[in-house]
Amino acid sequence: MTATGLDLRSVVRILHEPFNAHDPRSVLDHVDDEYEQLMVPVGQTLQGKEGFVTSMQSWIDGFPDASTKMRSSVADGDTVVTEFYGRRTHTDVFQTPMGPLSATGRSVESRGRSCSRCLTT
């Protein structure tokens with residue numbers, strides 16, 4: 001991701017806002033072509049702007065009421081570590097690397113962490 005004259009924690013916060021608005025393409029100006037997302041539990045890596053959109057959109061499609069809230073973030077140099085909480089209800093097909101998961105109707109609350117390296121231009 002790229003940053004120009006912004007606090008890096010603010011840049012990462014900006015990347016969470018389109019998820020809550022269910023509009024991942026709205027923030028692509030802040031996503032670098034070399035974006036890479038490693039999803040350790042499933043061993044999948046998504047790359048580039050389309051990888052960013054694909055990741056967000058799969059959650060939005062499977063969990064139309066999905067939202068996240070940043071709890072905390074810490075910046076050191078060009079790296080920001082963020083803790084967030086998510087809430088969602090599985091009401092549609094969720095596309096995963098292992099194949100589609102049919103809707104269960106179950107509500108889910110979870111927390112996660114992301115580690116972002118921010119490039120300044």
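How many aromatic pairs does the count come to? In this predicted model, the count comes to four aromatic pairs. One of them is formed by Trp-59 and Phe-94, whose rings are tilted, with 4.5 Å from centre to centre and 45° between the planes. Because Trp-59 belongs to helix H2 and Phe-94 to strand E6, this pair ties together parts that are 35 residues apart in sequence. The two partners can also be described by their accessibility: Trp-59 is partly exposed, with a relative accessible area of 29%, whereas Phe-94 has a relative accessible area of 11% and is therefore buried, the limit being under 20%. Ring pairs further link Trp-59 and Phe-94 with Phe-63 into a cluster.

Phe-63 appears again in the surroundings of Thr-89, a residue of strand E5, which spans residues 79–89. When residues up to four places away in sequence are not counted, Thr-89 touches Gly-62, Phe-63, Pro-64 and Asp-65, and also Gly-105, Arg-106 and Ser-107. With a relative accessibility of 16%, Thr-89 counts as buried. Strand E5 itself runs antiparallel to strand E4, to which it is joined by nine bridges, and within this pairing Asp-76 stands opposite Thr-79 of E5. The hairpin of E4 and E5 has two residues between the strands, and Gly-77 takes a positive phi near 65° there.

A second antiparallel pairing is that of E2 and E3, which are joined by four bridges. Here Leu-38 stands opposite Thr-45 in E3, and the hairpin, with four residues between the strands, includes Gly-43 at a positive phi near 65°. In a regular strand, side chains alternate between the two faces of the sheet. In E2, Gln-37 and Met-39 make up a covered face, while Glu-36 and Leu-38 make up an uncovered one.

The residues of the covered face of E2, Gln-37 and Met-39, recur in the description of the largest pocket, where they are listed with Tyr-35, Ser-55 and Ser-114 as the lining residues that lie nearest its centre. This pocket has a volume of about 1400 Å³ and is lined by 42 residues. The elements that give two or more residues to its lining are helices H1 (8–20) and H2 (48–62), together with strands E2 (36–39), E3 (44–47), E4 (67–76), E5, E6 (94–96) and E8 (107–117). The largest share comes from E8, which provides eight residues of the lining. Divided by class, the lining of the largest pocket consists of 20 nonpolar, 15 polar and seven charged residues.

Helix H2, one of the elements that contribute to this lining, also holds Gly-51. Gly-51 counts as buried, since its relative accessibility is 6%. Apart from neighbours within four places in sequence, Gly-51 is in contact with Tyr-35 and Leu-46, and Tyr-35 is among the lining residues that lie nearest the centre of the largest pocket. Between Gly-51 and Asp-33, which are 18 residues apart in sequence, the distance from C-alpha to C-alpha is 9.6 Å.

Technical notes:
Residues are numbered from 1 along each chain as its sequence is written. This is a predicted model: local features need pLDDT of at least 70, side-chain atom pairs count only at pLDDT 80 or more; totals for chains, interfaces and linings use all residues. Side-chain values use heavy atoms; hydrogens and water are left out. Buried means under 20% relative accessible area, exposed over 50%, partly exposed in between (1.4 Å probe, protein chains only). Contact means heavy atoms within 4.5 Å. On a 1 Å grid over the protein atoms alone, a cavity is a set of points where a 1.4 Å probe fits but cannot get out, and a pocket is an open set with protein on both sides within 12 Å along at least five of seven lines; lining residues have an atom within 4 Å of a point. Grid points are joined across faces, edges and corners, and a volume is the space filled by probe spheres set on the points. Ala, Val, Leu, Ile, Met, Phe, Trp, Tyr, Cys and Pro count as nonpolar, Asp, Glu, Lys and Arg as charged, and the others, Gly among them, as polar. Two strands pair if DSSP finds at least two bridges between them. Rings of Phe, Tyr and Trp (its six-membered ring) pair if their centres lie within 6.5 Å; planes under 30 degrees apart count as stacked, over 60 as edge-to-face and the rest as tilted.
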